[in-house]
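Some words used for a protein structure rest on a number and a cut-off. The questions below ask what stands behind such words.

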Amino acid sequence: MKYNVIIPLILFVFVVLFLLPIKQAFTFTEHRTENPKLFYIPVESDDSFQIRYVHSIHLTDVIESYEITADQKIRLVSMQYEDLAIGLPGYAEEGETFSVNDGVYTLTYDDNVIESFVMLIGNVDAELAFQYVGNELNLKKQLVRGKSYTFCVKKLSIYQLLKGVNMNGKKHKAE
């Protein structure tokens, strides 16, 4: 009679632990698709990260800096670039500060927090990279060009970690 209780209890605990979100990660989830594929980068000790891309018209780097908040949201910190005009602001709006130092324009955000954003991996030969803890990951090689991905920070379960694709080295088959 003991085994009739112990075995289901152990099985229940195993299933709960397998499905319980435990590991914080930066996630890229295919947007607008029937069976979205999950790509992720495990979050380590540093809460700050950057996205660097080459502006398609100016052909110069744009660096967007972010931080993870305590409640797993994304705080926009700043945007730096070397050329003004199309798509790059030359002034600050409310809640922002604009400065120029040695030819680099910096737009700093006072407190702009979002839960997620959609990122298009353009089908053009311009760089797009994710920078974290001293490493730079080429998103155009890791993700599919021409597809959109919802980017956010969230905790993943062991099941999600095994099903998804770890972009930081170890790869897990998603299907």
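The questions and answers that follow concern a predicted model.

Q: What makes the protein chain more spread out than a compact globule?
A: The protein chain has three helices and 12 strands. Its radius of gyration is 20 Å, whereas the globule rule gives 16 Å for 175 residues. The value is well over the rule, so the chain counts as more spread out than a compact globule. Along the principal axes, the C-alpha atoms fill a box of roughly 75 × 35 × 30 Å.

Q: Why is strand β9 called largely enclosed by the rest of the structure?
A: A residue counts as buried if its relative accessible area is under 20%. Five of the five residues of β9 (residues 128-132) are buried, so the strand is largely enclosed. For the protein chain, buried residues make up 35% of the 175 residues.

Q: Which residues of β9 point one way, and which the other way?
A: Leu 128, Phe 130 and Tyr 132 point one way, while Ala 129 and Gln 131 point the other way. In a regular strand, side chains alternate between the two faces of the sheet. The residues on both sides of β9 are buried.

Q: How do you know that β9 pairs with β3 and with β10?
A: Two strands pair if at least two bridges are found between them. β3 and β9 have four bridges and are antiparallel; one of the bridge partners is Ala 129 in β9, matched with Arg 52. β9 and β10 are also joined by four bridges and run antiparallel, with Glu 136 in β10 as the bridge partner of Gln 131. Two residues lie between the strands in the hairpin of β9 and β10, where Val 133 takes a positive phi near 40°.

Q: How do you know that β3 pairs with β4?
A: Seven bridges join β3 (residues 48-54) to β4 (residues 61-68), against a requirement of at least two. The two strands run antiparallel, and Tyr 66 in β4 is the bridge partner of Phe 49.

Q: What makes β6 and β10 the edge strands of the open sheet?
A: The sheet has seven strands in the order β6-β7-β5-β4-β3-β9-β10, with antiparallel pairing. β6 (96-101) and β10 (135-138) each pair on one side only, and are its edge strands. On average, neighbouring strands of this sheet are turned by 20° against each other, direction ignored.

Q: How much of the contacts with a separation of 6 or more comes from residues 24 or more positions apart?
A: Such residues account for 56% of those contacts in the protein chain.

Key:
Residues numbered from 1 in each chain as written. Predicted model: local features only at pLDDT ≥ 70, side-chain atom pairs only at ≥ 80, totals over all residues. Heavy atoms only, no water. Axes fitted to C-alpha atoms, helices over the stretch in contact; angles between N-to-C directions. Rg over C-alpha atoms; globule rule 2.2 N^0.38 Å. Buried < 20%, exposed > 50% of the residue type's maximum accessible area, 1.4 Å probe, protein only. Contact = heavy atoms within 4.5 Å.
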